[in-house]
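The following exercises concern burial, overall dimensions and surface charge in a predicted model. Each task is followed by a worked solution.

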Amino acid sequence: MPDVYPRPQLRRSSYICLNGPWDFAVTDGSEPASYFETIRVPYPPEAPLSGINRRIGETETMWYRRSISIPEHGPDECVILHFGAVDQVCEVRLNGTLLGRHEGGYLPFSFTLDGMPNETAQLSVRVVDSLDHRYPWGKQKQSPGGMWYTPFSGIWQTVWMEVVPRDRILSLSLCPSLDAVTVTVVPSAEYLGAVLTVETPNGPISVDMPEPSVTVPIPDPILWTPEHPHLYPITIRCGEDVVSSYFALRTVSQGIVNGVPRLLLNGEPVFLHGLLDQGYWPDGLCLPPDDEGYDRDIRAAKALGFNTLRKHIKIEPLPFYAACDRLGMLVIQDFVNNGSYRFLHDTVLPTVGLKRLSDTNTNGDRDARGIFLKTAQDTIRHLYNAPCIIGWTIFNEGWGQFCADEIYRTLKAFDHTRFFDATSGWFRQKESDVRSEHMYFRKFRLHRSKRPFLLSEFGGYVYAEGSGKRYGYRFFRDRDAYCEAIFALYRDEILPAIPKGLCGAIYTQLSDVEEEQNGLLRYDRSSVKPDPERMTALAGMLAQAMRNKGK
């Protein structure tokens, strides 16, 4: 995992990275008498790069330990200990004293090390990952295969510390328009004012903030697009606390263009030419192997002509979104499913055409419902400032789905600046910003809709050599035939639908993952399967179709 700064949009000069070798042990629940192994954090123990490279059982307990040096800090400062993500339930102790407990495996948490002397201390973490389906679990399965993948456990994102003033900025919200940005700070104590500075091509703009929220007009605005992903650096000084961040000028909206519902980026119709992105690697499992891993995937997708990634029911470390911001890649971010998956109800019935079932009484576990909603709200807060994110997917193919209309209304109130796909695939209810369908086994035919129409999954063609178990939706041994089939799929089904209202098409998928070998890139990213020249030509045809008929 990259040792880059783990929180790009709330950056301070103080940063102590705790990634690297930790003591590690696995027991039946009792505290280990000694630690026999070394694990490389933040890779999970199931990943080869962790140095452990083995599955953790549902009834096993993981134990992490390492010594840390409490950094120098004065009486008006404190030390914050951050965990990017730990899957699934953990307890954190320092010198044997419990700092706290965290549940859920995809979001960050932290502890204030108040009153700690500047000396060495022992940090320990106890983790249990039973794949309890009350918590978000995504595509992890104890018995992986097909579209389900090897589970990851324990610490799997950066662990780090920072020294901060006691009176500081707790969080920062950046809400852009086409010519201004609204900046809102949440202080840790009484707000005493701040000064913000925006770097522009015409020079810096400094603005006093007598109130916690201020709108800053940007002269000669440069809009953020995938073709020109311009970012504005910003610095905020609040008392002794100084944080740096960035924002982009861009808007996401919906409108009727020539009588057809369209998704609009910066007020202009946009076609979301996208890929499903699972975010898995053979050596790092749920993390890239090095600092450039995210950049390579994004650049590979752009080199094939794509402008959108649908981040599929997985929340990535923040540097992924920063890379999309910097390189110009739109993102549709899925919330991570919890609750149950039912093969007959969620896959078989929709495949034969039963796609309009009620979801009022599904996922009846009250705890699971509450956890899903809270996690979705926390996900929006966590990722709100990323300009690359233009939409959210609430439920995918009915997995854990319940009361989609009610959930849509609740989450829409949290973020009115992006579109929400309430039910991606099927089990459509009454409310959503888009109509979203999946199509693998039949020819795609656009149905007229009062909402922008998004083909949120399709394709999934496999080109693979050799033997072995493979999962996908159509199989090819010959590369030329594979390339022609993809081209024909877009030419015959996607292109004709754009004038009628198709606003985006998300092909399955960016890369192979374990048995699921329908990626455009091989799992190890060693090669690209389709012909890049034909793919970029195809992207040009899609863009031209939108220019001709989308305006």
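**Exercise 1.** Determine which residues of helix α2 are buried, and state what follows for the helix.

*Solution.* Step 1: a residue counts as buried when its relative accessible area is under 20%. Step 2: in α2, this applies to L318, P319, F320, Y321, A322, A323, C324, D325 and L327. Step 3: the helix spans residues 318-327, and nine of its ten residues are buried, so α2 is largely enclosed by the rest of the structure. Step 4: after α2 comes G328, which has a positive phi near 85°.

**Exercise 2.** Classify T182 as buried, partly exposed or exposed, and relate its position to that of Y321.

*Solution.* Step 1: T182 belongs to strand β14, residues 180-187. Step 2: partly exposed residues lie between the limits of under 20% for buried and over 50% for exposed. Step 3: the relative accessible area of T182 is 24%, so T182 is partly exposed. Step 4: T182 is separated from Y321 by 139 residues in sequence and by 20 Å between C-alpha atoms.

**Exercise 3.** Assess whether the radius of gyration of the protein chain agrees with that of a compact globule.

*Solution.* Step 1: for 551 residues, a compact globule would have a radius of gyration near 24 Å. Step 2: the chain has 24 Å, which agrees. Step 3: along the principal axes, its C-alpha atoms fill a box of roughly 70 × 60 × 45 Å. Step 4: 60% of the 551 residues count as buried.

**Exercise 4.** Identify the residues of the positive surface patch and locate R445.

*Solution.* Step 1: the patch consists of K443, R445, R448 and K500. Step 2: R445 lies in the loop that runs between β28 (435-439) and β29 (453-459).

Notes. Residues numbered from 1 in each chain as written. Predicted model: local features only at pLDDT ≥ 70, side-chain atom pairs only at ≥ 80, totals over all residues. Heavy atoms only, no water. Patch = residues over 30% accessible without salt bridge, like charges linked within 9 Å, V, L, I, M, F, W, Y side chains within 5 Å. Areas by Shrake-Rupley, 256 points an atom, 1.4 Å probe, with all protein chains shown as cover. Salt bridge = Lys/Arg side-chain N within 4 Å of Asp/Glu carboxyl O. Lys, Arg positive; Asp, Glu negative; His and termini not counted. Charge placed at Lys NZ, Arg CZ, Asp CG, Glu CD. Helix = DSSP H or I, 4+ residues; strand = E, 2+ residues; numbered from the N terminus. Rg over C-alpha atoms; globule rule 2.2 N^0.38 Å. Buried < 20%, exposed > 50% of the residue type's maximum accessible area, 1.4 Å probe, protein only.
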